[in-house]
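Here are some short exercises to work through with the model open beside you. Try each task before you read its solution.

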Amino acid sequence: MTAVVCELCPRACVIPEGAAGDCRVRVNLDGRLRATTYGRPSAVHIDPMEKKPLYHFLPGSAVFSVGTAGCNLHCLNCQNWQLSQRGGEEMEGIFRADPAELVETAVDEGCRSIAYTYSDPIVFYEYTYDSSEIAHARGLRNCLITAGYINQAPLRRLCRVVDAANVDLKAFDDGFYRRNSAATLQPVLDALVTMRAEGVWIEVTNLLIPTLNDDLAMIRRMAHWIRDELGPTTPLHFSRFQPQYRMRNLPPTPAAALEMARDEAMDAGLSYVYVGNLMGHPGGSTHCPRDGTLLIARTGFWIDANNLTSDGRCPTCNEPIAGVWQ
Amino acid sequence: MKSAMMRGATNRTEPEQDRPTAGTDGLRSPPRRRLFAGALMLPGLWLLGRWPWSTRSPCGGPIETALRDVPSAALRRPHNLAG
């Protein structure tokens with residue numbers, strides 16, 4: 001019996017032979033660590049980029065989105081728990097798509113980018129990495145939609161082939177991470193700083209859960225940290241909570257709470273703060289931080305108007321707007 | 001107990017049991033026969049559950065046969081996954 005240690009994420013699972021790590025999909029087979037979901041996604045869709053959400057990265061484009069079973073976090077309010085809180089053998093549907101096939105399908109469908117999303121691409125790291133390399137060779141961009149709970153060495157390697165990431169910063173409180181997600185805060189903050197240093201375009205999402213992480217003082221601390229460590233032009237999305245999975249006892253986040261959080265973060269110095277998961281809310285549109293001009297008008301995941309200049313500037317004051325526009 | 005007495009239950013005479021007491025005549029006693037038959041059925045049911053043996057994977061499900069091609073016709077359909 002040879003146990004293996006998975007060094008991918010801070011859990012550092014010690015996996016006995018024949019067993020899986022905490023994520024359920026990284027398995028010790030005959031003394032070797034195997035990623036059982038490699039080339040076997042369970043969710044493949046073409047989504048608007050705004051759904052990820054990435055508002056400052058190729059807006060309005062279609063993104064080929066792929067996810068497998070498993071996750072290294074166990075959030076009580078997980079929105080995709082049917083996918084993330086299962087091992088591959090528990091899924092009703094598993095597709096056959098090795099990295100080359102995946103990229104080829106994305107190209108055939110006219111997508112300009114691939115998003116590794118739905119569960120967490122960290123647990124299908126090798127599949128993400130190999131697909132991303134091929135995607136770059138074919139001229140596609142790569143996006144990670146992740147909780148950012150990963151060790152530094154594998155993250156630095158992955159950053160070489162990733163162009164953009166939306167990182168779910170669940171709260172600016174280690175206790176919340178421990179209670180709600182069976183994880184810790186610091187590795188996520190470290191991952192954000194590393195991605196920024198490696199030149200990955202970053203947007204941050206914070207799902208506001210009533211009474212658990214909607215304290216305005218905590219939101220202000222989080223906004224200050226983002227401003228100082230990632231830069232004031234880093235987009236921050238406050239997303240509406242819906243009762244899900246093992247957290248059905250709390251109501252959906254009131255619109256007023258999302259608006260207060262947005263005001264707090266903008267007051268703390270962030271230029272682009274959005275309200276998400278709230279259809280038709282004006283807080284989903286992009287305005288020029290200098291003169292307030294409406295730059296990108298959105299309804300839900302759809303773009304009503306894009307007034308940016310071709311080089312990503314405000315059409316009235318010529319202010320450069322941070323993002324990847326081409 | 002009080003309510004049973006009020007209904008007059010104490011005046012009724014119970015008929016004598018004419019069944020053999022369990023354990024006095026070995027396997028011919030009905031409860032033991034049922035127990036024996038049940039014990040015989042268990043391995044049979046277990047074997048039925050394993051059928052067909054050749055297509056089962058060691059972890060309990062026919063994994064390889066469940067793999068499907070990516071359905072290009074369904075890629076743009078609405079879905080309820082977040083992210």
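A salt bridge here is a side-chain nitrogen of Lys or Arg within 4 Å of a carboxyl oxygen of Asp or Glu. Please keep in mind that this is a predicted model.

**Exercise 1. Find how many salt bridges link chain A and chain B, and describe the one formed by B:Asp69.**

Step 1. Applying the cut-off between chain A and chain B gives a count of 2 salt bridges.

Step 2. One partner of B:Asp69 is A:Arg96, and their closest N and O atoms are 2.9 Å apart. The distance of 2.9 Å can be set against the cut-off of 4 Å.

Step 3. Now look at the backbone: A:Arg96 stands opposite B:Asp69 in E1(B). The strands concerned are E7(A) and strand E1 of chain B, residues 67–69, which pair in the parallel sense over 3 bridges.

**Exercise 2. Describe the contact between chain A and chain B by residues and by area.**

Step 1. Begin with the residues: chain A contributes 21 and chain B contributes 18.

Step 2. Turn to the area. About 2,000 Å² is buried between the two chains, and carbon and sulfur atoms give 56% of that.

Step 3. Ask which residues of chain A stand out. A:Ile94, A:Phe95 and A:Arg96 supply 28% of the area that chain A buries against chain B, more than any other three residues.

Step 4. Add the polar side of the story: 10 residue pairs are in polar contact between chain A and chain B, counting pairs with both residues at pLDDT 80 or more.

Step 5. Assign the chain A side to strands. Strand E5 (43–48) and strand E7 (94–96) of chain A each supply at least two residues of the side that touches chain B. E5(A) gives the most, with 5 residues.

Step 6. Finish with the chemistry of that side of chain A, where the residues divide into 8 nonpolar, 6 polar and 7 charged.

**Exercise 3. Work out the order of elements in chain B and the share of its residues that are buried.**

Step 1. Count the elements: chain B has 3 helices and 1 strand.

Step 2. Read from the N terminus, and the order is α-α-α-β.

Step 3. Of the 83 residues in chain B, 11% count as buried.

**Exercise 4. Explain why E14 and E16 of chain A count as edge strands.**

Step 1. Write down the sheet: it is open, has 3 strands in the order E14-E15-E16 (chain A), and pairs antiparallel.

Step 2. Strand E14 (286–287) and strand E16 (302–306) of chain A each have a single partner strand, so one side of each is left without a neighbour in the sheet.

Step 3. Check one pairing. E14(A) and strand E15 of chain A, residues 294–299, are joined antiparallel over 2 bridges, and A:His287 has A:Leu294 in E15(A) as its bridge partner.

**Exercise 5. Is A:Thr68 buried or exposed, and which residues does A:Thr68 touch?**

Step 1. Locate A:Thr68 in the loop between strand E6 (62–67) and helix H1 (81–84) of chain A.

Step 2. A:Thr68 has 0% relative accessibility, so this residue counts as buried.

Step 3. List contacts, leaving out residues up to four places away in sequence: A:Thr68 touches several residues, among them A:Arg40, A:Pro41, A:Leu83 and A:Phe124. A:Thr37 is also touched, and the side chains of A:Thr68 and A:Thr37 make a polar contact at 3.5 Å.

Methods:
Residues are numbered from 1 along each chain as its sequence is written. Chains are lettered from A and ligands numbered from 1 in the order in which they are written. This is a predicted model: local features need pLDDT of at least 70, side-chain atom pairs count only at pLDDT 80 or more; totals for chains, interfaces and linings use all residues. Side-chain values use heavy atoms; hydrogens and water are left out. Contact means heavy atoms within 4.5 Å. Buried area is the accessible area (1.4 Å probe) that two parts lose on being put together, summed over both. A polar contact is a pair of N or O atoms within 3.5 Å; within protein, one must be able to donate a hydrogen and the other to accept it, and residues adjacent in sequence count only if both atoms are side-chain atoms. Helices (H or I, at least four residues) and strands (E, at least two) are DSSP runs, numbered from the N terminus. Ala, Val, Leu, Ile, Met, Phe, Trp, Tyr, Cys and Pro count as nonpolar, Asp, Glu, Lys and Arg as charged, and the others, Gly among them, as polar. Two strands pair if DSSP finds at least two bridges between them. Buried means under 20% relative accessible area, exposed over 50%, partly exposed in between (1.4 Å probe, protein chains only).
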